[in-house]
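Me: I would like to go through this structure with you, one question at a time, and I would be glad if each reply showed its reasoning before it settled on a value or a name.

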Amino acid sequence: MLAVHLTLPTSAPDSSREMAAAKVQAALWGCADPDDGLEHVRALAVPDGIGLVLYVRAPDEAAAQSRAQDLLDRALAVTGRLPSGLG
């Protein structure tokens, strides 16, 4: 299992980032399927936007990054528009 760190940049206020982080985390779980290898996800409001850590089962770092990015792309597609242009 490998940890993949991603940041979704936004200039939204702190309270909006916290709500958006929860929305993204829920969407990641909602969109995940067994082929994604998702074991755990953490989304937090950080100064630059939304910080994500996805723990992914994958044979190597490149595969983990690819799986995490594909899952994030699908999750953002279903979340609709998030604060300051996320999603």
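Me: Which helix holds Asp70, and is Asp70 buried, partly exposed or exposed?
Reply: In this predicted model, Asp70 belongs to helix α2. Its relative accessibility is 41%, and a residue is called buried under 20% and exposed over 50%, with partly exposed in between. Asp70 of helix α2 therefore counts as partly exposed.

Me: How many Å separate the C-alpha atoms of Asp70 and Ala32?
Reply: Along the sequence, Asp70 and Ala32 are 38 residues apart. In space, taken from C-alpha to C-alpha, the separation of Asp70 and Ala32 is 9.9 Å.

Me: What is the order of helices and strands along the sequence?
Reply: The protein has two helices and three strands. The strands are β1 (2-9), β2 (38-46) and β3 (49-56), while the helices are α1 (14-31) and α2 (61-79). Read along the sequence, these elements follow the pattern β-α-β-β-α.

Me: What is the radius of gyration of the protein, and what does the globule rule give for 87 residues?
Reply: The C-alpha atoms occupy a box of roughly 40 × 25 × 15 Å along the principal axes. For 87 residues the globule rule gives 12 Å, and the protein's own value is close to this, so it is as compact as a globular protein of that length. The radius of gyration of the protein is likewise 12 Å.

Me: Which residues of the largest nonpolar core touch the most other members?
Reply: The core has 23 residues, and at least two of them come from each of β1, α1, β2, β3 and α2. Across the protein as a whole, 40% of the 87 residues count as buried. Within the core, the residues that touch the most other members are Leu8, Val24, Leu28, Ile50, Leu52, Leu54 and Leu72.

Me: Is Leu38 buried or exposed, and which residues does it touch beyond four places away in sequence?
Reply: Leu38 sits in strand β2, and with a relative accessibility of 11% it falls under the 20% cut-off, so it counts as buried. Its C-alpha atom is separated by 9.4 Å from that of Ala64, 26 residues apart along the chain. Leaving out residues up to four places away, Leu38 touches Leu28, Trp29, Ala32, Leu54, Tyr55 and Leu71.

Me: Why does Arg17 count as buried, and which residues is it in contact with beyond four places in sequence?
Reply: Arg17 is part of helix α1. It counts as buried because its relative accessible area is 9%, where the cut-off is under 20%. Setting aside neighbours within four places in sequence, Arg17 is in contact with Thr10, Ala12, Ala45, Val46, Pro47, Gly49 and Ile50.

Me: Which residues is Ala27 in contact with, apart from neighbours within four places in sequence?
Reply: Ala27 is found in helix α1 and is buried, with a relative accessible area of 10%. Although Ala27 and Ala75 are 48 residues apart in sequence, their C-alpha atoms are 5.1 Å apart in space. With neighbours within four places left aside, the contacts of Ala27 are Ala75, Val78 and Thr79.

Me: Is Met1 buried or exposed, and what does it contact outside its neighbours within four places in sequence?
Reply: Met1 lies in the segment before β1, and its relative accessible area of 63% makes it exposed. The C-alpha atoms of Met1 and Gln25 are separated by 19 Å, with their positions 24 residues apart along the chain counted as the distance apart. Apart from neighbours within four places, Met1 is in contact with Glu39, Tyr55, Val56 and Arg57.

Me: How far apart are the mean positions of the positive and negative charges of the protein?
Reply: The accessible surface comes to about 4700 Å², and 54% of it belongs to carbon and sulfur atoms. As for charge, the protein has 7 positive and 11 negative charges. The distance between the mean positions of these two sets is 6 Å.

Terms used:
Residues are numbered from 1 along each chain as its sequence is written. This is a predicted model: local features need pLDDT of at least 70, side-chain atom pairs count only at pLDDT 80 or more; totals for chains, interfaces and linings use all residues. Side-chain values use heavy atoms; hydrogens and water are left out. A nonpolar core is a set of buried Ala, Val, Leu, Ile, Met, Phe, Trp, Tyr and Cys residues joined through side-chain atoms within 4.5 Å. Buried means under 20% relative accessible area, exposed over 50%, partly exposed in between (1.4 Å probe, protein chains only). Helices (H or I, at least four residues) and strands (E, at least two) are DSSP runs, numbered from the N terminus. The radius of gyration is taken over C-alpha atoms; the globule rule is 2.2 Å times the number of residues to the power 0.38. Accessible areas come from the Shrake-Rupley method with a 1.4 Å probe; for residues, only the protein chains shown count as cover. Lys and Arg count as positive and Asp and Glu as negative; His and the chain ends are not counted. The place of a charge is taken as NZ of Lys, CZ of Arg, CG of Asp or CD of Glu. Contact means heavy atoms within 4.5 Å.
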